[in-house]
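Got the viewer open? Load the model, and let's walk through it stop by stop.

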Amino acid sequence: MQTDAIYIDFQKAFDSVSHSKLIAKLESYNIKGDLLCWIKAFLAHRSQQVKIVNALSDFLSISSGVPQGSVLGLTLFLLYMNDITNSLGLLSCSVKLYADNAKLYSSFCVGAHSIDLIKALDIISECINMWQLKIATNKCVAHRVSAKSHLSSNNCLYTLYDMPLQWSVATKDLGVTMDNQLVFDQHVANIVHTASSRVNLILKCFLSRDREILGKAFVTYVRPILQYCSPVWSPHRIDLINRLEDVQRRFTKKLNGLANLSYAVSNKIVAQGS
């Protein structure tokens, strides 16, 4: 078996939501009465202007979009988009939505291709057009997960609006770099680089080498980078494990009183933040 996934990126999604269609969709969810009137008032009579240095543009009325930076704005967008998955019916294809991103994927036998995934793309395109949203086709990619011997068989072309999608060998999926075989070498390399840069920044900015202060800084600013989504990509190979551990191993050697201790002892001390 192999799996093809299509990553869809919406263009200016939060700014493109039609107020009239959003209200109609809220009514279809049986949101009515004072709550619906309150949401209408939340969206109505909004305007915006641009400021450059001390110069201000004229106010421009906003006729579409949900306010960003608010919990309600994101919730309204999710309600606007959430039923897009219902349009696929009985197709052998799954859809995952997260904020303004969508992912379609389907599994099938090696050497074949997914007719259902091709149909799903057409259906999703029609739904998006109907709700007056746009897709940034230049940011959309196709990604195949398969055994190494089958990676070269990308003979199927997926299209959006008659534009062929590029095949990606390393796709960032909510912060995790997915490769074609799910070995996550590239993801580990990325987070080790980012975490090491953060370590260097901490050591440069803090004059103190007090292990309690720097230990807390490491736990707060570096460890989350190394642990983000680790249940998904947690490595089983020694070389990848050592690359991750080396970030903390190099850091502990810079702390007072830890340079000559074993890594196991230093690791325990830093984990306790003292």
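**Stop one: rings and charges**

The structure holds five aromatic pairs (rings of Phe, Tyr and Trp, the last by its six-membered ring, with centres within 6.5 Å). Select Trp-38 and Phe-42: this pair is stacked, at 6.2 Å centre to centre and 20° between the planes (under 30 degrees counts as stacked, over 60 as edge-to-face and the rest as tilted). Both sit in helix 2 (residues 33-43), and because they are four residues apart there, about one helical turn separates them. Helices here are DSSP runs of H or I with at least four residues, strands are E runs of at least two, and both are numbered from the N terminus.

Before moving on, a word on the source: this is a predicted model, where local features need pLDDT of at least 70 and side-chain atom pairs pLDDT 80 or more, while totals for chains, interfaces and linings use all residues. Residues are numbered from 1 along each chain as its sequence is written, and side-chain values use heavy atoms, leaving out hydrogens and water.

Keep Phe-42 selected and add Arg-46, which lies over the ring face at 4.7 Å from the ring centre. Then jump to Tyr-80: the charged end of Lys-25 sits over its ring, 5.2 Å from the centre. ("Over" means NZ of Lys or CZ of Arg within 6 Å of the ring centre and within 35 degrees of the ring normal.)

**Stop two: Ser-168**

Pick Ser-168 in strand 11 (residues 166-168). Is Ser-168 buried or exposed? Buried, with a relative accessible area of 14% (the cut-offs are under 20% for buried, over 50% for exposed and partly exposed in between, with a 1.4 Å probe and protein chains only). Leaving aside neighbours within four places in sequence, Ser-168 is in contact (heavy atoms within 4.5 Å) with Val-141, Ala-142, His-143 and Asn-180.
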